[in-house]
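Ready for a few short exercises? Take a look at the model below, try each task yourself, and then compare your steps with the worked solution.

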Amino acid sequence: AVTSAARAASGLRLAPFQYTPDHVAGPGADTDPTQITFPGCSCLQTPCLPGTCSCLRNKENYDANLRLRAIGSETERAEPVFECNVLCQCSDQCKNRVVQRGLQFHLQVFKTEKKGWGLRTLEFIPKGRFVCEYAGEVLGFAEVQRRIQLQTIHDSNYIIAVREHVYNGQVIETFVDPAHIGNIGRFLNHSCEPNLLMIPVRIDSMVPKLALFAAKDIMPEEELSYDYSGRFLNLMDSKNKERLGNGKPRKPCYCGAKSCAAFLPYDSSLYCPSEKPNVS
């Protein structure tokens, strides 16, 4: 699946929000993210392996050290990840259960110099390890546009749009907003040279967990970041690179990378006041 994402930087003043470790259903959501929709595997005597485990479609997702196997790929395509779920017969120690175990590293919210709040690790994180989720309200497209149209240039925009391209040109869209109800992922800032990669991971529900994995070894005290536009690709999708689709000025990027694109990525379709575009 090809994944694209867009959201704006955290503001300087932290507004109150309700913490949740998982997605919650918001206005317009087509599917309740807490609903169990996948059947479980029947792996009892043998470990979960491709060919025998119904949760593993093609190959193992993680190695023996719980690192995502596909993290080193340079392709722009991220392969689908399905973990064993609550209905599976395998044990809780199954190595195809990683994201569902939650945070495993000590992370810290801190105030950055120019980017508002940020998130950093207090310990070493090896390449390929799961770091945290980006969780919040799962919204419908109309609600996403309504919230964006109410925002000003000074408001923080946490809305992320993830589009997965599947067979026959179909597109699965997921819109998440942790502004009012969210988890620690809401404090992550953008970087044009990020150290995290977002991968949609499905466990119990068709609504994917927006899981962030270490794209490289990350040192203690290093700020955590990902590319809001997707897999290390900061797209310029406006003829006027300094303006959004609605004429508002784009927010500058302060990531400090040598390849910095100067402005934060954004999804132009979310700013269009017309009806939902054909994303096929």
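**Exercise 1.** How many residues lie between strand 11 and strand 12 in the hairpin they form?

*Solution.* Bear in mind that this is a predicted model. Begin with the connection: six residues separate strand 11 and strand 12 in their hairpin. Next, check the pairing: strand 11 (residues 196-202) runs antiparallel to strand 12, and six bridges join the two. Finally, pick out a facing pair: Ile199 is opposite Ala211 of strand 12.

**Exercise 2.** Work out the strand order of the open sheet that contains strand 12, and find its edges.

*Solution.* Start from the other partner of strand 12: strand 6 (residues 130-133) is joined to strand 12 by three bridges, in an antiparallel arrangement. Here Phe130 faces Phe213 of strand 12. Now write down the whole sheet: its four strands come in the order 3-11-12-6, and the pairing is mixed. Strand 3 (81-82) and strand 6 are the edges; each has a single partner strand, so one side of each lacks a neighbour in the sheet.

**Exercise 3.** Decide how enclosed strand 12 is, using a cut-off of under 20% relative accessible area for buried residues.

*Solution.* First sort the side chains by direction: Lys209, Ala211 and Phe213 point one way, while Leu210, Leu212 and Ala214 point the other way. Then apply the cut-off: the residues on both sides are buried. With six of six residues buried, strand 12 (residues 209-214) is therefore largely enclosed by the rest of the structure.

**Exercise 4.** Which residues have the most contacts inside the largest nonpolar core, and which strand gives the most to this core?

*Solution.* The largest nonpolar core has 26 residues, and Leu107, Tyr134, Leu224 and Tyr226 have the most contacts inside it. Now look at the suppliers: strand 6, strand 8 (160-165), strand 9 (171-182), strand 11 and strand 12 each provide at least two residues of this core. Strand 12 gives the most, with three residues. Apart from this core lies another one, of 15 residues, including Ile71, Ala211, Phe213 and Ala215.

**Exercise 5.** Describe the chain over the region that UniProt labels "domain: Post-SET".

*Solution.* Locate the region first: the unreviewed UniProt entry places this feature at residues 249-265. Then read off the secondary structure: residues 249-265 are 0% helix and 0% strand. To finish, take the span: the end C-alpha atoms of this stretch are 12 Å apart.

Methods. Residues numbered from 1 in each chain as written. Predicted model: local features only at pLDDT ≥ 70, side-chain atom pairs only at ≥ 80, totals over all residues. Heavy atoms only, no water. UniProt positions renumbered as here; feature names shortened; annotations may be inferred. Buried < 20%, exposed > 50% of the residue type's maximum accessible area, 1.4 Å probe, protein only. Pairing = 2+ DSSP bridges. Core = buried A, V, L, I, M, F, W, Y, C linked by side-chain atoms within 4.5 Å.
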